[in-house]
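The following paragraphs lead the reader through one protein chain, from individual loop residues to the chain as a whole. Please keep the sequence and the structure in view while reading.

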Amino acid sequence: MGRQDANFGGEDSAGLVAFLAQGPPPVYMGWGSMVAVSGRHMACLAVRSLMKANLRGIILGGWAKLELSSLEGQQDTEEMLGYARENLLFVQSAPHEWLFPQCSAIVHHGGAGTTAAALRSGVPSVVTPFSFDQFDNAQLISNHGVGVAMRQFAKVTVADLAAALTRCTTNANLIATARLLGEKLRSEDGLRNAVKVIDDFIVQEVDS
């Protein structure tokens, strides 16, 4: 991040630091390599949902290349752009491990890496799965009481997402549960545990 390396989310770090200092913790919205319907649809869904929930937000460009220009050509373009100028930040990359703990909620697709970072952060998640194991990860988060599992992304409405955001940012029990699980995960020595599992398997189960 200090090297401004886009591959590790450091490209827009100065803008992120400044935006975070300007108001209450924002919602993070990012779908990584996932694209559904269109980038324009994804950007408008994100902005309209944040507007309806009256929340600040950081929106990651990702492979869908979400940006302010994605809001053009809509009946409510001027309203969205006005809200975005005051309350939103579009970035092309962001360091999850650093950013997530500073957010009020995390909206993501449920990919394995993003889900792990979200759980460790101790911040509630809204998972809008696209495909594959993302549905299982969404259910995992819901079952543990640390977030909301949504329908497949293309079926999510502005009202759905805004309601989920409101729940994740106001439900005291959900917020506390996410914080406690994050503390537990961060206290684990994951590397040592992984090495032990592999070593035990080789020593005890592999014929040589």
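Val37 is found in the loop that runs between strand β1, residues 27-29, and helix α2, residues 39-53. The model is a predicted one, and the values below are computed from it. The backbone at Val37 deserves attention, since its phi is near 65 degrees, a positive value in a residue that is not glycine. As for its surroundings, Val37 counts as exposed, with a relative accessibility of 62%.

Beyond helix α2, the chain enters another loop, between α2 and strand β2 (57-60), and Asn54 is found there. Asn54 also has a positive phi, of about 55 degrees, although it is not a glycine. Is Asn54 buried or exposed? Its relative accessible area is 60%, and Asn54 is therefore classed as exposed, the cut-off being over 50%.

Strand β2 itself contains Leu60. Here the relative accessibility is 9%, and because buried means under 20%, Leu60 counts as buried. Which residues does Leu60 touch, when those up to four places away in sequence are not counted? Tyr28, Met29 and Gly30 are among them, as are Leu66 and the run of Val91, Gln92, Ser93 and Ala94. Two of these partners, Tyr28 and Met29, fall within the residue range of strand β1. A further link to that part of the sequence is given by Gly32: its C-alpha atom is separated by 7.7 Å from that of Leu60, although the two residues are 28 apart along the chain.

Further along, Thr114 lies in helix α5, which covers residues 112-121. Thr114 has a relative accessible area of 12%, so it falls under the 20% limit and is buried. With neighbours within four places in sequence left aside, Thr114 is in contact with His96, Phe100, His108 and His109.

The cysteines may be considered next. A disulfide is a covalent bond between the sulfur atoms of two cysteines. How many disulfides does a search of the whole structure find? The search finds zero. Cys103 is accordingly in no disulfide, and the nearest cysteine sulfur, that of Cys168, is 13 Å away. That distance may be set against the cut-off, which requires a pair of cysteine sulfur atoms within 2.5 Å. Cys103 is buried, with a relative accessible area of 7%. Cys44 is buried as well, and its relative accessible area is 2%.

The view can now widen to the chain as a whole, which has nine helices and six strands. Its radius of gyration is 18 Å, close to the 17 Å that the globule rule gives for 208 residues, so the chain is as compact as a globular protein of that length. Along the principal axes, the C-alpha trace spans about 70 × 40 × 30 Å. Of the 208 residues, 45% are buried. Contacts between residues at least 6 apart in sequence include a share of 65% that join residues at least 24 apart.

The surface and the charges complete the account. The accessible surface of the chain comes to about 10800 Å², and carbon and sulfur atoms account for 53% of that area. The chain has 16 positive and 20 negative side chains. The centres of these two sets of charges lie 6 Å apart.

Conventions. Residues are numbered from 1 along each chain as its sequence is written. This is a predicted model: local features need pLDDT of at least 70, side-chain atom pairs count only at pLDDT 80 or more; totals for chains, interfaces and linings use all residues. Side-chain values use heavy atoms; hydrogens and water are left out. Buried means under 20% relative accessible area, exposed over 50%, partly exposed in between (1.4 Å probe, protein chains only). Helices (H or I, at least four residues) and strands (E, at least two) are DSSP runs, numbered from the N terminus. The radius of gyration is taken over C-alpha atoms; the globule rule is 2.2 Å times the number of residues to the power 0.38. Contact means heavy atoms within 4.5 Å. Accessible areas come from the Shrake-Rupley method with a 1.4 Å probe; for residues, only the protein chains shown count as cover. Lys and Arg count as positive and Asp and Glu as negative; His and the chain ends are not counted. The place of a charge is taken as NZ of Lys, CZ of Arg, CG of Asp or CD of Glu.
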